[in-house]
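Visitor: I'd like to learn how to read a model like this one. Could you walk me through it, feature by feature?

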Amino acid sequence: GGPLAAAMTELKEPKKALTAYFLWLNAEGRAEVQKQLGDVKDLGKVAKAAGEKWKTLPANIKEKYEKQNAELKAQYEKDLAAFQEAGGVKGAASKEK
């Protein structure tokens, strides 16, 4: 344990917020599209169908996910600021890969 171990724990850069589209896709979109397409495992077809469906979604449904995205974005900005204050460098982790 100790203070040295705490100081050595690596800072983790916060992940960016998912877009409204991906929030919808993960919550309900993927399941709807898979049901619509049947047993299609082709990611390209699923992604294309999901994209088309997203474009035609009613505004009130999109709004729900856009609001969620705005909240997640605000949290990300806060987390990122804290990460940078603690000495973290934005984008450093992805450069190491």
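Guide: Let's start with salt bridges. The rule here is a side-chain nitrogen of Lys or Arg within 4 Å of a carboxyl oxygen of Asp or Glu. Keep in mind that this is a predicted model. Take Glu-71 and Lys-67: their closest N and O atoms are 3.5 Å apart, so under the 4 Å rule they form a salt bridge.

Visitor: Where do Glu-71 and Lys-67 sit relative to each other?

Guide: Both are in helix α4, and because they are four residues apart there, about one helical turn separates them. As for cover, Glu-71 is partly exposed, with a relative accessible area of 48%, while Lys-67 counts as exposed at 54%.

Visitor: How many salt bridges does the rule give?

Guide: The count comes to three. The general idea is that side chains of opposite charge can pair when their charged atoms come close. Glu-52 and Lys-55 make one of these bridges, with an N to O distance of 3.6 Å. This pair belongs to helix α3, where the two residues are three apart, about one turn of the helix. Glu-52 is partly exposed at 43% relative accessibility, and Lys-55 is exposed at 59%.

Visitor: And what about Lys-53 and Glu-32?

Guide: Their side chains meet in a salt bridge too, at 3.4 Å from N to O. Lys-53 is in helix α3 (residues 43-56) and Glu-32 in helix α2 (residues 20-37), so this pair ties together parts that are 21 residues apart in sequence. Lys-53 is partly exposed, with 26% relative accessibility; Glu-32 is partly exposed as well, at 27%.

Visitor: Now a charged residue without a partner. What is the nearest side chain of opposite charge to Lys-62?

Guide: That would be Glu-66, 5.7 Å away. The cut-off for a salt bridge is 4 Å, so Lys-62 has none, and yet Lys-62 is buried.

Visitor: Then which backbone oxygen does the Lys-62 side chain reach?

Guide: The one of Trp-54, at 3.3 Å. Lys-62 itself is part of helix α4 (residues 59-85). Leaving out residues up to four places away in sequence, Lys-62 touches Trp-54, Lys-55 and Leu-57. You've met Lys-55 already, as the salt-bridge partner of Glu-52.

Visitor: Let's move along α4 to Asn-69. Is that residue buried or exposed?

Guide: Buried means under 20% relative accessible area, and Asn-69 is at 12%, so Asn-69 counts as buried. Asn-69 is another resident of helix α4.

Visitor: Which residues does Asn-69 touch, not counting those up to four places away in sequence?

Guide: Ala-17, Leu-18, Thr-19, Ala-20 and Leu-23. Leu-23 is 46 residues from Asn-69 along the chain, but their C-alpha atoms are separated by 7.6 Å.

Visitor: Stepping back to the whole protein, how many helices and strands are there?

Guide: Five helices and zero strands, so with helices and strands assigned as DSSP runs, the pattern along the sequence reads α-α-α-α-α. Of the 97 residues, 23% are buried. The accessible surface comes to about 7,400 Å², with 57% of that belonging to carbon and sulfur atoms.

Visitor: What share of the contacts joins residues at least 24 apart?

Guide: It's 67%, taken among contacts between residues at least 6 apart in sequence.

Visitor: Last one: where is confidence lowest, and where is it highest?

Guide: Here's the general idea: where pLDDT is low, the predicted coordinates should not be read in detail. In this protein, the mean pLDDT is 87, and 88% of the residues reach 70 or more. Confidence is lowest in helix α1 (residues 2-8), with a mean of 49, and highest in α4, with a mean of 96. Over residues 4-8 the pLDDT is below 50, and beyond near neighbours in sequence that stretch has zero contacts in the model.

Technical notes
Residues are numbered from 1 along each chain as its sequence is written. This is a predicted model: local features need pLDDT of at least 70, side-chain atom pairs count only at pLDDT 80 or more; totals for chains, interfaces and linings use all residues. Side-chain values use heavy atoms; hydrogens and water are left out. Buried means under 20% relative accessible area, exposed over 50%, partly exposed in between (1.4 Å probe, protein chains only). Lys and Arg count as positive and Asp and Glu as negative; His and the chain ends are not counted. A polar contact is a pair of N or O atoms within 3.5 Å; within protein, one must be able to donate a hydrogen and the other to accept it, and residues adjacent in sequence count only if both atoms are side-chain atoms. Contact means heavy atoms within 4.5 Å. pLDDT is the predictor's confidence in each residue, from 0 to 100. Accessible areas come from the Shrake-Rupley method with a 1.4 Å probe; for residues, only the protein chains shown count as cover.
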